Amino acid sequence: MKLIKDNLHVIVKLFVNQIGVAIFAFMLYTAIGAMRLEASATRTVDLLISIFSLLFYLFLLYTVVWEIGATDRIAVDTGREKKQPLKGMILSAVSNLPNFLLGGVCILLIALHLSTGAEGLKAFAGVLNLIYRMLDSIYLGIVSFVFPTVTEDVAVYLYQSILFVALLLIPILVCQAAYAMGFAEIRVFKFKRKK
């Protein structure tokens with residue numbers, strides 16, 4: 001709990017980066033939708049937008065968390081802090097908590113609808129699914145490419161929701177790798193330092 005409390009500003013920064021890139025991706029999807037391309041071309045372009053947005057998002061995460069790892073290395077070497085090898089993973093997991101919660105509720109509601117047939121659950125899941133898709137629009141092109149919604153089959157939305165949640169593991173793993181690399185002072189991207 002102390003780790004989360006002491007790094008709340010980092011967690012908020014990671015979440016704000018996600019929101020910013022999600023808005024960027026959503027705007028690109030909207031622009032492509034306005035072009036009225038063929039369905040197969042739209043799916044391909046949406047996939048490319050999603051991959052580009054995801055790479056940009058991961059780059060932002062990498063730069064933020066790498067700096068935290070490098071700073072923590074100094075604090076550990078001087079004896080001011082203890083080494084926390086899973087810090088990058090924990091910070092990213094906490095910043096993705098709204099995504100996990102919303103995705104889990106969507107999965108639960110859709111699964112309940114499929115097993116009971118209750119239309120109220122379907123409607124509520126539909127509203128939450130829309131919010132979830134906007135919040136995680138970074139992954140929307142990938143998810144739609146893997147599980148296209150060409151029919152009104154509700155099970156497709158279940159599969160899509162599960163894939164949305166599974167894709168959240170990517171930023172968590174990247175943040176963990178970035179933290180470990182920052183702590184070890186290993187750079188993937190070399191930037192010129194300010195004088």
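**Exercise 1. Classify Asp72 in this predicted model as buried or exposed, do likewise for its salt-bridge partner, and state which helices the pair joins.**

Solution. Begin with Asp72, whose relative accessible area is 6%; since buried means under 20%, Asp72 counts as buried. Next, identify the partner: Asp72 forms a salt bridge with Lys87, and the closest N and O atoms of the two are 2.7 Å apart. Asp72 belongs to helix H3 and Lys87 to helix H4, so this salt bridge ties together parts of the chain that are 15 residues apart in sequence. Finally, apply the cut-off to Lys87, which has a relative accessible area of 4% and is therefore buried.

**Exercise 2. Find how many salt bridges the model has, and describe the accessibility of Lys2, Asp6, Asp77 and Arg73.**

Solution. The count comes to three salt bridges, one of them being the Asp72 and Lys87 pair treated above. Another is formed by Lys2 with Asp6, where the closest N and O atoms are separated by 2.6 Å. These two residues are four apart in helix H1 (residues 2–6), which means that about one helical turn lies between them. Lys2, with a relative accessible area of 61%, is exposed, whereas Asp6, at 41%, is partly exposed.

A further pair is Asp77 with Arg73, whose closest N and O atoms are 3.0 Å apart. Both of these residues lie in helix H3, again four residues apart, or about one turn of the helix. Asp77 counts as exposed at 54% relative accessibility, while Arg73, at 27%, counts as partly exposed.

**Exercise 3. Determine which residues of helix H9 are buried, how they are arranged about its axis, and what covers them.**

Solution. First consider the helix itself: H9 has 15 residues and spans 21 Å from its first C-alpha to its last, close to the 21 Å expected at 1.5 Å a residue. Its buried residues are Pro171, Ile172, Cys175, Gln176, Ala178, Tyr179, Gly182 and Phe183. Viewed down the axis of H9, the buried residues fall within an arc of 165°, so they line one face of the helix. The elements covering these buried residues include H3, helix H4 (87–95), H5 and H8. Just after H9, Glu185 adopts a positive phi of about 60°.

**Exercise 4. Describe the largest nonpolar core, say which helix gives the most to it, and list what Ile138 touches beyond its sequence neighbours.**

Solution. The largest nonpolar core comprises 46 residues, and those with the most contacts inside it are Leu14, Leu54, Tyr57, Tyr132, Ile138 and Tyr139. At least two residues of this core come from each of helix H2 (8–34), helix H3 (39–77), helix H5 (97–116), helix H6 (119–135), helix H7 (140–146), helix H8 (154–167) and helix H9 (169–183). Of these, H3 gives the most, with 13 residues. In soluble globular proteins, nonpolar side chains tend to be buried together.

Turn then to Ile138 and set aside its neighbours within four places in sequence: Ile138 is in contact with Gln18, Val21, Ala22, Ala25, Tyr29, Ser50, Ser53, Leu54 and Tyr57.

**Exercise 5. Locate Phe59, classify its accessibility, and give the C-alpha separation between Phe59 and Leu86.**

Solution. Phe59 is found in helix H3, and at 28% relative accessibility it counts as partly exposed. Along the chain Phe59 and Leu86 are 27 residues apart, and their C-alpha atoms are separated by 19 Å.

Technical notes. Residues are numbered from 1 along each chain as its sequence is written. This is a predicted model: local features need pLDDT of at least 70, side-chain atom pairs count only at pLDDT 80 or more; totals for chains, interfaces and linings use all residues. Side-chain values use heavy atoms; hydrogens and water are left out. A nonpolar core is a set of buried Ala, Val, Leu, Ile, Met, Phe, Trp, Tyr and Cys residues joined through side-chain atoms within 4.5 Å. Buried means under 20% relative accessible area, exposed over 50%, partly exposed in between (1.4 Å probe, protein chains only). Contact means heavy atoms within 4.5 Å. The expected span of a helix is 1.5 Å times one less than its number of residues. The arc is that of the directions from the helix axis to the C-beta atoms. A salt bridge is a side-chain nitrogen of Lys or Arg within 4 Å of a carboxyl oxygen of Asp or Glu.
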